[in-house]
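Good morning, and thank you for making time for this short presentation. I would ask you to keep the sequence and the model in view while I speak.

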Amino acid sequence: QLNDISAWAARRKILQHPEQFTDIGKEVLGSLGRVTSAVTTVFGAVASLLMIAVIGIFLAMEPRLYERGVAWMLPIDRRDSFYETMSDIGATLRRLMAGRLLAMFVEGTGTWMLLSWGNVPMAALLGVITGLLAFLPNIGALTSGALMVLVGFSGGMNTGLWAVGVYLFIHTLDGYIIVPMVARRSVDLAPALVLATQLLMGALFGILGLALADPIVAMIKVALERGSEHSAERALARRK
């Protein structure tokens, strides 16, 4: 179509160099293709997160329904052990989620209050974004920090430096005090193990793997602990 348009314009003396118009059109269409690809990727990630949230809601509403479905595929003598393990996993995930929500609340509220104190524009919105992105380990803090600093410097040098200070203070407090304390008291996860799992899941499954890395580690830990306890009980029963 670009070639036809440029030829039509050349015949009517509208363009003296129709090949330049064709080259410009190809550049524009190539840029549009890259933009479309990026937008599609973003919408795909958002849609996947939304679907995971919906599935999580259904699982939380009727967990016993899905537990029974899995238990029916197991031998009868192992079903009681499976129900006990699932009960422990549910309690662990509830504690983990409570700790995550606490960290999100502290980061969001603290960011809003400190940015408002420093007269940074859109402090409340930045606090909400920071609190929501705190659900994503590592990448959430970097994204919210970049937004915070950019908005801060848009209001001047002093507000920009204040935004940098707020970012460092909030995420240092959260990363070195709140999160380790909550993780230790709630699910007792080793920090190195959690970080390694986040890196692995992020590399394999992207942002979804990063968001679900902590719950997966917690579930595997509980399942291994329960399996070890049952093995020890069976060994003790055989000895008797």
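I shall begin with the overall fold and then turn to individual residues.

This is a predicted model, in which local features need pLDDT of at least 70 and side-chain atom pairs count only at pLDDT 80 or more, while totals for chains, interfaces and linings use all residues. Residues are numbered from 1 along each chain as its sequence is written, and side-chain values use heavy atoms, with hydrogens and water left out.

Let me start with the fold. The chain has 8 helices and 0 strands; helices here are DSSP runs of H or I with at least four residues, strands are runs of E with at least two, and numbering starts from the N terminus. Of the 240 residues in the chain, 26% are buried. Buried means under 20% relative accessible area, exposed means over 50%, and partly exposed lies in between, with a 1.4 Å probe and protein chains only. The chain exposes about 16,000 Å², of which carbon and sulfur atoms supply 71%; these areas come from the Shrake-Rupley method with a 1.4 Å probe, and for residues only the protein chains shown count as cover. As for contacts, defined as heavy atoms within 4.5 Å, 57% of those between residues at least 6 apart in sequence join residues at least 24 apart.

I turn now to the interior. Which residues make up the largest nonpolar core? It has 10 residues in all: L115, V120, A123, L126, M148, V151, A163, V166, Y167 and I170. A nonpolar core is a set of buried Ala, Val, Leu, Ile, Met, Phe, Trp, Tyr and Cys residues joined through side-chain atoms within 4.5 Å. Helix 5 (123-133), helix 6 (139-154) and helix 7 each supply at least two residues of this core, and the largest share, 4 residues, comes from helix 7. Apart from this core lies another, of 5 residues, among them L96, L189, V194 and A218. Returning to the largest core, its member Y167 touches A141, L142, G145 and M148, not counting residues up to four places away in sequence.

Helix 4, residues 79-117, deserves some attention, and W112 lies in it. With the same exclusion of residues up to four places away, W112 touches A123, A124 and G127. The C-alpha atoms of W112 and A123 are separated by 5.2 Å, although the two residues are 11 apart along the chain. W112 is partly exposed, because its relative accessible area is 42%.

The place of E107 is also in helix 4. E107 is buried yet has no salt bridge, and the nearest side chain of opposite charge, R100, is 8.9 Å away. For this purpose Lys and Arg count as positive and Asp and Glu as negative, while His and the chain ends are not counted. Leaving aside neighbours within four places in sequence, E107 is in contact with T130, A134, I170, H171 and D174.

A search of the whole structure finds 2 aromatic pairs. One of them, W117 with W162, is edge-to-face, at 5.7 Å centre to centre and 85 degrees between the planes. This pair links distant parts of the chain, with W117 in helix 4 and W162 in helix 7 (residues 157-186), 45 residues apart. Rings of Phe, Tyr and Trp (its six-membered ring) pair if their centres lie within 6.5 Å; planes under 30 degrees apart count as stacked, over 60 as edge-to-face and the rest as tilted. W117 is exposed, because its relative accessible area is 65%, whereas W162 is partly exposed at 32%.

Finally, the charged pairs. How many salt bridges does the count come to? The count comes to 4, a salt bridge being a side-chain nitrogen of Lys or Arg within 4 Å of a carboxyl oxygen of Asp or Glu. One joins E67 and R64, with the closest N and O atoms 2.9 Å apart; both residues lie in helix 3 (residues 63-71), about one turn of the helix apart. R226 and E84 meet in another, at 2.6 Å from N to O, and this pair links helix 8 (residues 191-239) to helix 4, across 142 residues. R226 also forms a salt bridge with D88, at 3.3 Å between the closest N and O atoms. E84, D88 and R226 are thus linked in a network of salt bridges.
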